[in-house]
Protein chains: 2
Amino acid sequence: MPSRIYCFIGVSLLVPLFSMAAAAPPIPPDVVERAVALRDRALGDSTAYDIVESLTMEIGPRPAGSAADQAARAWAVARLTALGFSNVRTEAVSIPRWARGTIDVRMTAPFAQPLVATSLGGSPGTPDIGIEAPVVRVASLAELSALSREDLEGRIAFVDHVMERHKTGRGYGVSAMIRGCAHVVAADRGALATVIRSAGTSRHRFAHTGAMLRGNAAQIPAMAISNADADLLAHAIGTGDDVLLRLHSTARDLPATSTANVIAEVPGRGRLADEIVILGAHLDSWDLGTGAIDDASGVGIVIAAAKMIMDNSEGPRRTLRVVLYGAEEIGIYGGQAYAEAHAESLDRHVVALEADFGPGRVWQFSSRVADASLGIVDEIAALLEPLGIERGDNAASGGPDIGPLRKAGVPVFELSQDGTRYFDFHHTADDTLDKVDRDDLNQNVAAYTTAAWVAASIEARFGRLPSDNSQWQCQE
Amino acid sequence: MPSRIYCFIGVSLLVPLFSMAAAAPPIPPDVVERAVALRDRALGDSTAYDIVESLTMEIGPRPAGSAADQAARAWAVARLTALGFSNVRTEAVSIPRWARGTIDVRMTAPFAQPLVATSLGGSPGTPDIGIEAPVVRVASLAELSALSREDLEGRIAFVDHVMERHKTGRGYGVSAMIRGCAHVVAADRGALATVIRSAGTSRHRFAHTGAMLRGNAAQIPAMAISNADADLLAHAIGTGDDVLLRLHSTARDLPATSTANVIAEVPGRGRLADEIVILGAHLDSWDLGTGAIDDASGVGIVIAAAKMIMDNSEGPRRTLRVVLYGAEEIGIYGGQAYAEAHAESLDRHVVALEADFGPGRVWQFSSRVADASLGIVDEIAALLEPLGIERGDNAASGGPDIGPLRKAGVPVFELSQDGTRYFDFHHTADDTLDKVDRDDLNQNVAAYTTAAWVAASIEARFGRLPSDNSQWQCQE
């Protein structure tokens, strides 16, 4: 799932370049007929679940740069080759590397309680003797920003925001911003560390990890505690007594290393063969769980969709390119590297789809295409409607790894999974295979198969969008 | 909740001694009227929740013999005194003591995966260098017992039984037997350690701890893994490849120590004042969570029920004795010590009630009384019926801490909580305050208040039952 940890600064100007162009002709009947057949067949296919099971059970946690990350790449190359894909290859991606180490967080006053906590990705550790200091609670980044050095110096900042649960996952915006930025704001004001209520909706006692801003910001330890432990800390603060936390963490940076994107193709045919439809997901995961919903599910969905088309049609006219991105969780390194490595051919990237929001049923299909292509998109939406999918707007973001493509003007489709429960498991030890429902997963495969098949089979393209030079930074 | 870890060997002969006695007269109208008023008032009371909140937030995990256990006793004495109870006191209980230490469990072949695991209470640790050995999977104690030394020597036994979810908690019988006994059976056959699928129903990634048989049995490390990790291990074994686990634990026994039962009373009035109605719960908890459902909820329920009667009636005729038992989890030490210390006065114990099955709504009222008293019990059941409680049978066990009283012939009432979700949290880190619903908790208070009020206010007693000399032992 998107590690959107920074605030969007700037204005997105969505001015389709070809808004006055003639509308594309309708989808040919034979493409429609095949789309329906592929869609319905996908609902009974076992490929996606088999992939999720294998990746989570046989590889498990695969944080970027680890030995398991390397094993996951070998697994992916072998699996994609065995499934019959063409041009299976890897493309190297340079990344920083970080080790979680151990963590121990406890309240020492006014009550003695151990807390369930996790270091945020990229956080430094504490000094060897740990940190023991009073806690200052705020409910938001704005409240944190309003504090002075006098308020925070020598203290631990506790940012206590309860993430909203919503089908769209919209509560993640605010929570991931806190996760990404609180330590920057707090360090500027002399705080020794930050502890946040997890950016997650689990009602169980899991701390949610996730990326935080690295780079030039002052570095203080940044940790997250579970919702139950945040309740406990808030209760203690509510007593009016001084509250002390003791933190110890051995998190640390390791020497920079590399990972890779794994790429596989279903080659196109004829005149459109050098045009590309991207089916993306990310291969890395956080280290606490086995990465079943984030993002083995996406890996399973896009591989199964591409294979469904490969095995049950005369082949797409455009090339279907499956990209299993590396190092998404720590900062979308694979997505950025792909866009840079393929900068010369981005105009041949007709549309990009990504699956990185878990295995919940797709409920909405949105797009970001030129106006002239909206008729075609509506036709695809009609093919998805029997799956219980409604038509969304034309302002889709698409997904984190294809973000750099979108920003370069490549059209995107977005199949929105129901994210009501996604953040119960996201970035926790609880992200395991048993959270994946086979039928829901296959509804995803059917949706991705349908959209990718049409996009790769019709004559029309989806235009180009203006490039987007907006930048992200911590908001104060 | 009952640490019923041994198999029941023997026959329970429930032969009420007074089955031919004349039936007791009905409950007097003024007692009924007051019962209804107390019951309904209890539904809106905040005492129970306040107690659960305070005990879990301000004391937290309180394993028997720990500093927090001692703090819990001081908390209980202060709280009971402040609430206005009489004769607040402690009675010492001698106990063994055990330290969990650290644990690390991982699969090393055919895949490398860390597993979420916990040592079972009383387990020894591994050698410093750990244990790495092949795994042998069985689905039951019977299957384990059927193995030979050749099958198990030098190996790790994995007992993979999935606990049944049921309102009555009936699935716990088999699962707790495995937890308590698997290491005994496996050690007899030369196994190096046992790993069980947790005795619990959590669909989240928690390992459930709990007591295992100590005593004369050969001691090998005994651990539990979460349901998701048991799935993973079963999957690996299903591949047909050799599966290796590496175990490391620093669990160990500490010198024996003492804890205490905390007792408080609402004194009776007049001729029946030296007769006693017991309201029991246990004060200790396992160390992983804050013991909210097990058993701060019970502590809150019985204290609130006694206080409701104390504050809103002219007082019970019999003495209401609240007993907060110590060291239940590690082997019902407090319950046994109470029965021994009060052996001379057990004939003045008219009836005993316990709350140790969480804060779910009470759905059934059962009893273990002389036949002649069944009419009164039916009348109490009629008073409970508006709370949604149905009448159960006359074969109640009552609860773990009052088990020694029951076995000595003291009648018991049992108010059965809905246990459908109890074993999702039981003995895990996830046993925290947010799992307690205020309304459900107060329905419990209303039920306990009603039953205790009537039992303490009517002239009639509930007879005596034959003593029960059955013993428990590991079944093979």
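## Predicted two-chain model: confidence, domains, interface and core

Chain A averages a pLDDT of 94, and 94% of its residues score at least 70. The model is predicted. Its overall scores are ipTM 0.91 and pTM 0.93. One stretch of chain A scores poorly: pLDDT stays under 50 over residues 2-20. The model has 58 contacts beyond four places in sequence for that stretch. Where pLDDT is low, the predicted coordinates should not be read in detail.

**Domains of chain A**

The domain assignment splits chain A in two. Domain 1 takes residues 7-97 + 256-470, and domain 2 takes residues 101-250. The C-alpha centres of domain 1 and domain 2 of chain A are 34 Å apart. Their contact draws 20 residues from domain 1 of chain A and 18 residues from domain 2 of chain A. On the domain 1 side, helix H12 (residues 422-425) of chain A gives the largest share, 3 residues. By class, that side of domain 1 has 9 nonpolar, 7 polar and 4 charged residues.

**The chain interface**

The contact between the chains takes 20 residues from chain B and 20 residues from chain A. On the chain B side, helix H2 (47-59) and helix H7 (227-238) each supply at least two residues. H7(B) gives the most, with 4 residues. By class, the chain B side divides into 9 nonpolar, 5 polar and 6 charged residues.

The table sets out the two contact sides described by class.

| Contact side | Nonpolar | Polar | Charged |
|---|---|---|---|
| Domain 1 of chain A, touching domain 2 of chain A | 9 residues | 7 residues | 4 residues |
| Chain B, touching chain A | 9 residues | 5 residues | 6 residues |

How are the two chains related? A rotation of 180° with 0.0 Å of shift along its axis superposes chain B on chain A, with an RMSD of 0.0 Å. That is the relation of a two-fold axis. In chain B, the C-alpha nearest the axis belongs to His204(B), 3.9 Å from it. The copies meet through the same surface, because 100% of the interface residues of chain B are also interface residues in chain A.

**Core and buried helix**

The largest nonpolar core has 312 residues. Those with the most contacts inside it are Tyr448(A), Ala452(A), Tyr448(B) and Ala452(B). Beyond four places in sequence, Ala452(B) touches Val277(B), Leu279(B), Ala305(B), Ile309(B), Leu320(B) and Leu353(B). In soluble globular proteins, nonpolar side chains tend to be buried together.

In chain A, helix H9 (residues 333-341) has buried residues: Tyr333(A), Gly334(A), Gly335(A), Ala337(A), Tyr338(A) and Ala339(A). What covers them includes strands E2 (86-99), E11 (252-266), E12 (276-282) and E13 (319-325) of chain A. Helix H11 (403-407) of chain A is also among the covering elements.

**A buried loop glycine in chain B**

Gly326(B) lies in the loop between strand E13 (319-325) and helix H9 (333-341) of chain B. Is Gly326(B) buried or exposed? Gly326(B) counts as buried because it has 33 C-beta neighbours inside 10 Å, and the cut-off for burial is 20 or more. Not counting residues up to four places away in sequence, Gly326(B) touches Ala64(B), Val93(B), Thr259(B), Ala260(B), Asn261(B), Leu283(B), Asp284(B), Tyr333(B) and Gly334(B). Of these, Tyr333(B) and Gly334(B) fall within the residue range of helix H9 (333-341) of chain B. Glu91(B) is 235 residues from Gly326(B) along the chain, yet their C-alpha atoms are separated by 9.4 Å.

How values were computed: Residues are numbered from 1 along each chain as its sequence is written. Chains are lettered from A and ligands numbered from 1 in the order in which they are written. This is a predicted model: local features need pLDDT of at least 70, side-chain atom pairs count only at pLDDT 80 or more; totals for chains, interfaces and linings use all residues. Domain bounds come from an automatic or database domain assignment. Two residues are in contact if their C-beta atoms, placed from the backbone, lie within 7 Å. Ala, Val, Leu, Ile, Met, Phe, Trp, Tyr, Cys and Pro count as nonpolar, Asp, Glu, Lys and Arg as charged, and the others, Gly among them, as polar. pLDDT is the predictor's confidence in each residue, from 0 to 100. A residue is buried if 20 or more other C-beta atoms lie within 10 Å of its own, exposed if 12 or fewer, and partly exposed in between; C-beta atoms are placed from the backbone. A nonpolar core is a set of buried Ala, Val, Leu, Ile, Met, Phe, Trp, Tyr and Cys residues joined through C-beta atoms within 7 Å. Copies are superposed by least squares on the C-alpha atoms of residues with pLDDT of at least 70 in both.
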